[in-house]
Amino acid sequence: MNDSPSLRTGFPLTFGLDTFGDVHSDENGTLKSHAQTIRNIVEQGVLADSVGIDFFGIGEHHTDDYPLSAGDLVLSAIAAQTRKIHLGSAVTVLSSDDPVRVFQRYSTLNALSSGRAEVILGRGSSIDSFPLFGYDLSDYEVLFEEKSELFAELLRGKPVTWTGTTRAALKDQDVVPHLEAEPFPTWIGVGGSPQSVVRAARHGYNLILAIIGGSPARFQPFSNLYLEALEHFERPAQPIGVHSMGHVAATDEQAQEEFWPRYLAVMKHVSKTRGFAIPTRESFKHEIGPHGSIYVGSPETVARKIAANLRVLHASRFQLKFGMTGLAHTAVMNNIELYGTKVIPLVREILGSES
Amino acid sequence: MTSPTSTITLPRIGILGAGHVGPAIGRVAIEAGYPVSIAGSGDPAKIALITQILVPGAKADWPAQVAAEADIVILAIPLHKFSTFDPSLVAGKVVVDLMNYWAPIDGTQQLFEDPRYGSSEIIQRHLSGSRVVKSFNHAGYHEIEAERRPAGSPDRLALGVAGDDREAVELVAALVENIGYDAVLLDSLHEGRILEPGGPVFGASLTKEQFAQVLTEKTAA
Ligand SMILES: NC(=O)c1ccc[n+]([C@@H]2O[C@H](COP(=O)([O-])OP(=O)(O)OC[C@H]3O[C@@H](n4cnc5c(N)ncnc54)[C@H](OP(=O)(O)O)[C@@H]3O)[C@@H](O)[C@H]2O)c1
């Protein structure tokens, strides 16, 4: 149990930031435009690189409060201004996209960034893209299965022959631009579907556990399932990551004060569309505590929680979904800085000293 | 959480559906001492690994076999698959319906678009040879394991159990209690509508007292 994650799976620790393109506000609380939001995300990605963060991810959404429908374009702007940081989707809703196009876009990003592209594939828990592109939600399973299979073929970098029911067949098709060297790292994001965990292992994708509610330790059986399934399919070990939301500020009090009202506003909205009860201050306290899935607090608080959960989940990657909608731009930039300069070194120290 | 206190064998739980929800319920039922079988839509080989790791102790089998052997069938399939579900599989059984219909998430499904009836009443009408009980639908499957508490704990949460057949309701209530929750009995499937998405119980973690409070407010309103 007290194996450090890198010991258990042999992968180095890496740390990322994820955004859904949340619209932020100025100092007076006025929400910024979509255009300004997009320009700010470039600024955030550049800052993330400069404070030593390993990965910056943009989640595909198509709504007024999350206007990042073409995240790969934003990533390429960040790529042009950075050197080290890896850039990827978090997630790409593959079910309602064309795997060939996704490969082409990220292979292009990979070229532009000299090998820093990554892709996280999702089945689509955020469902806005289905009606937009004319897909039926009841088909999500077959769409994702077929398309993740085709994407794995494309990543081999050879001409592709494929037939299925969800897109035109391909025969010996050369898909460009070609990969320069290794295929870019590709992950499947899983919210609790065991089929998706097994699918990730079967196709040889890395695994990201999206933990957005309840106890993170509950996902340990999913990590075990993934590791077992890799063995079952006779595949080499592959890394496991964790994606959860949070906010870091100088002190616990400040982080909570900044985050809670924004979180409540967003959850009120989500509750209405999903039909569930609005969280209370009490349930929020639980979620930010050791048995909850939200990482809000001082660098110390957040680092301890990240370290504990990476250990339990045999994970070597952590991705913090930062910048809750409506937070002030300055608070968001401060979060990025603290995550890079304080949280990450602390997690490394905690886990390093255990190995 | 609660260990079976006597030697009486508990009813066999047959879970149809090995997705997000099915294994989560199977896991806690096994820990409560129930024998459990589980099926996906077809060949058990497809869910062998999932069963072995997520529901250790359960038996993976074909859906017809799981249903036939079960005393309580838990229907944990996506609602959009229900229209093609064969009712004869579960004829004569107590069936727990934990499925939810919420158009913004599931897409509009005509079958469930009748405002006069709750989704479980519509399920009951289709499964006319079964005794349907609505339960577990309003709790997050991702919290069902962590939120269990022994009977009498002040923070033990409650789950609603609604049905038209008293005996079936009591069987399911016992399952709820043995897993680690207080069962709040509702007199009919029609009453069970209060457990649906958009209602005051859905996604709210309530103790028995808080649950009772919600029911009183609802009746008063
Ligand atoms: N109480 C809760 O916490 C909660 C939470 C969320 C959802 N729900 C409800 O639970 C239900 C299941 O959701 P989910 O997220 O678990 O779905 P899911 O992850 O998509 O899994 C569905 C499972 O059902 C199986 N299946 C489909 N048709 C079947 C059939 N005719 N017979 C036997 N198995 C069949 C599938 O098998 P294959 O893979 O072989 O097709 C798969 O294992 C939904 O109706 C949902 O509303 C309850």
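The second largest pocket in this predicted model has a volume of about 370 Å³. Lining that pocket are 18 residues, and L155(A), P183(A), G204(A), Y205(A) and Q238(A) are the ones nearest its centre. If you're thinking about its chemistry, the lining of the second largest pocket splits into 10 nonpolar, five polar and three charged residues.

Now for the ligand. Which residues are closest to it? Of the 23 residues that surround the ligand, the closest are H20(B), S41(B), F136(B), A139(B) and Y141(B). Those five carry the chain B label, but the surrounding residues come from chains A and B, so the site is shared between chains.

Here are some polar contacts around the ligand, with the atoms involved:

| Residue | Protein atom | Ligand atom | Distance |
|---|---|---|---|
| G19(B) | backbone N or O | oxygen | 3.4 Å |
| H20(B) | polar side-chain atom | oxygen | 2.7 Å |
| F136(B) | polar backbone atom | nitrogen | 2.6 Å |

So much for the table; H20(B) also turns up among the closest residues to the ligand, and its contact there uses a polar side-chain atom. F136(B), another of the closest residues, meets a nitrogen atom of the ligand through its backbone. G19(B) also uses a backbone atom, with an oxygen atom of the ligand as its partner.

Staying in chain B, R148(B) sits in the loop between β6 and β7 (158-163). Is R148(B) buried or exposed? It counts as buried because its relative accessibility is 7%, and the cut-off for buried is under 20%. A polar atom of the R148(B) side chain lies 2.8 Å from the backbone oxygen of E145(B).

Strand β6 comes up again with helix α5 of chain B, which covers residues 119-126. This helix is mostly covered, with six of its eight residues buried. Those buried residues are S119(B), S120(B), E121(B), I122(B), I123(B) and Q124(B). What do they pack against? Their partners are β5 (94-97) and β6 (131-135), both in chain B.

Over in chain A, S69(A) belongs to the loop between β2 (55-58) and α3 (71-80). Its relative accessibility is 42%, which is why S69(A) counts as partly exposed. Setting aside neighbours within four places in sequence, S69(A) is in contact with E60(A), H61(A) and H62(A). As for a residue far along the chain, G326(A) is 257 residues apart from S69(A), and their C-alpha atoms are separated by 19 Å.

Conventions
Residues are numbered from 1 along each chain as its sequence is written. Chains are lettered from A and ligands numbered from 1 in the order in which they are written. This is a predicted model: local features need pLDDT of at least 70, side-chain atom pairs count only at pLDDT 80 or more; totals for chains, interfaces and linings use all residues. Side-chain values use heavy atoms; hydrogens and water are left out. On a 1 Å grid over the protein atoms alone, a cavity is a set of points where a 1.4 Å probe fits but cannot get out, and a pocket is an open set with protein on both sides within 12 Å along at least five of seven lines; lining residues have an atom within 4 Å of a point. Grid points are joined across faces, edges and corners, and a volume is the space filled by probe spheres set on the points. Ala, Val, Leu, Ile, Met, Phe, Trp, Tyr, Cys and Pro count as nonpolar, Asp, Glu, Lys and Arg as charged, and the others, Gly among them, as polar. Buried means under 20% relative accessible area, exposed over 50%, partly exposed in between (1.4 Å probe, protein chains only). Helices (H or I, at least four residues) and strands (E, at least two) are DSSP runs, numbered from the N terminus. Contact means heavy atoms within 4.5 Å. A residue is near a molecule or strand if one of its heavy atoms lies within 4 Å of it. A polar contact is a pair of N or O atoms within 3.5 Å; within protein, one must be able to donate a hydrogen and the other to accept it, and residues adjacent in sequence count only if both atoms are side-chain atoms.
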